[in-house]
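This report walks through selected strands, one helix and a ligand shell. Please keep the structure open while reading.

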Amino acid sequence: MKKILVTGANGQLGRCINDAAAEFPDLEFVFVPKEKLDIQEANSLKDFFRKNHFSHCINTAAYTNVEKAESESDKAFAINSEAVKNLAETCKENDVVLFHISTDYVFDGTKKSPYLETDLTNPINVYGASKLKGENYIQKISNKFFIFRTSWLYSQYGHNFLKTILKYAEEGKPLTITTEQTGTPTNANDLARALLQVIAQDSKDYGVYHYSNSGETTWFGFAEEILRQTKKLKDTNLAKTNHYRTFAARPEYSVLDNTKAQNKLKLKYIDWRESLQSVLEKTVINL
Ligand SMILES: NC(=O)C1=CN([C@@H]2O[C@H](COP(=O)(O)OP(=O)(O)OC[C@H]3O[C@@H](n4cnc5c(N)ncnc54)[C@H](OP(=O)(O)O)[C@@H]3O)[C@@H](O)[C@H]2O)C=CC1
Ligand SMILES: Cc1cn([C@H]2C[C@H](O)[C@@H](COP(=O)(O)OP(=O)(O)O[C@H]3O[C@@H](C)C(=O)[C@@H](O)[C@H]3O)O2)c(=O)[nH]c1=O
């Protein structure tokens, strides 16, 4: 039986994988939050892997605060790069297939059509650079790995753009949202299911893949759709801006081309608007 370690299990994606696990009764899971297993601690990792016999590891542990990363670069690189190196080495020593999640922010956003896995990476913020270094370690160390680059994750869990918008609307705060970036909002529950499908089908097509929902929009477009679907659009003071000030630069265009994962891994893609509807309909969102 396949035995899967999920690191960073209390994070947004970790919790979505926990929910999706019920749809995969043939897979055995061990969910460990940061408090139980810190991936920065190489010795703890080695002990943990020695005591358990995992076939797969899904690494959802990461430093994900894009704004703060600009002033906490050491911390971002320690978690997103150096700790990922530890994990890749430990997986290799134990013959464990590593599933790692990366980001659209490895690209600089100057392209005008969806990014392919083979396109040149060139991060323009600290978070993106730290994630790219983590990817590079895995590619160097590991021979059994899947790196899934995804974008604009949201769900009923954790801190994310969907929850920020709903909270502001609930509180009656005016919203000013940028049109400066175009990408694809991705339901983390869809990504969770896709990861487990790849494990269940025992794919050996290792490598880098892009996985997002389909379609594209701006952050303003995403906010507008959230308010439209929750019938709050009329009562919310929503405005566009093309000068939203942030510490971190973000890629102007970061839509991911999903063709490789569709062809090789047989993953299905779901329109981002439909997927948003399913999150809003099926789940209670605690703000
Ligand atoms: N969120 C997004 O929009 C996107 C995310 N991604 C990638 O997807 C993955 C999952 O993201 P998401 O679930 O949203 O992120 P979250 O920040 O919600 O979850 C990450 C989890 O990792 C934990 N963690 C941090 N440091 C360590 C450590 N040293 N050891 C073990 N656990 C640790 C965090 O704990 P704590 O909070 O206590 O620090 C948190 O529980 C990440 O790799 C991220 O880079 C890619 C594209 C978009
Ligand atoms: C809160 C807010 C943000 N914005 C802008 C800032 C930014 O350009 C954009 C998104 O802001 P956020 O800080 O929510 O998102 P950000 O942290 O940039 O999200 C990223 O997270 C990492 C982890 C990833 O890997 C990326 O794929 C992406 O999802 O919206 C507004 O215009 N108005 C607002 O009120």
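Which residue in strand 5 does T103 stand opposite? The partner of T103 is T150. The model is predicted, and the pairing belongs to a run of neighbouring strands described below.

## Annotated region

The UniProt record, an unreviewed entry, places the feature "domain: RmlD-like substrate binding" at residues 3-283. Over residues 3-283, helix makes up 40% of the chain and strand 17%. The end C-alpha atoms of that stretch are 28 Å apart.

## Parallel strands

Strand 1 (residues 3-7) and strand 3 run parallel and are joined by 4 bridges. T7 faces N59 of strand 3 across this pairing. Strand 3 also pairs with strand 4, again in the parallel sense, over 4 bridges. Here N59 stands opposite H100 of strand 4, and H56 has V97 as its bridge partner. N59 therefore has a partner in strand 1, T7, and another in strand 4, H100.

Strand 4 in turn pairs with strand 5 in the parallel sense, over 6 bridges. T103 and T150 stand opposite each other in that pairing.

## Burial of strands 3 and 4

Strand 3 (residues 56-59) is covered on both faces. H56 and I58 are buried on one side, C57 and N59 on the other.

Strand 4 is mostly covered, with 7 of its 7 residues buried. One side carries V97, F99, I101 and T103. The other side carries L98, H100 and S102. Both faces are covered.

## Helix 5

Helix 5 covers residues 126-141, 16 residues in total. From first C-alpha to last it reaches 23 Å, close to the 22 Å expected at 1.5 Å a residue.

Its buried residues include V126, Y127, L132, Y137 and I138. K131 and E135 are buried too. The cover over the buried residues of helix 5 includes helix 3 (66-69) and helix 4 (73-93). Strand 4 (97-103) and strand 5 (145-150) also contribute to that cover.

## The shell around ligand 2

There are 19 residues around ligand 2. Those that come nearest are V66, T103, T178, W219 and Y244. T103 thus links two parts of this report: T103 is among the residues nearest ligand 2, and T103 stands opposite T150 in strand 5.

By type, the shell divides into 9 nonpolar, 8 polar and 2 charged residues. Strand 7 gives the largest share, 4 residues. Helix 6 (161-170) and strand 7 (175-178) each supply at least two residues.

Terms used. Residues numbered from 1 in each chain as written. Chains lettered and ligands numbered in written order. Predicted model: local features only at pLDDT ≥ 70, side-chain atom pairs only at ≥ 80, totals over all residues. Near = placed C-beta within 6 Å. Nonpolar A, V, L, I, M, F, W, Y, C, P; charged D, E, K, R; others polar. Expected span 1.5 Å × (residues − 1). Buried ≥ 20, exposed ≤ 12 C-beta atoms within 10 Å, placed from the backbone. Contact = placed C-beta atoms within 7 Å. UniProt positions renumbered as here; feature names shortened; annotations may be inferred.
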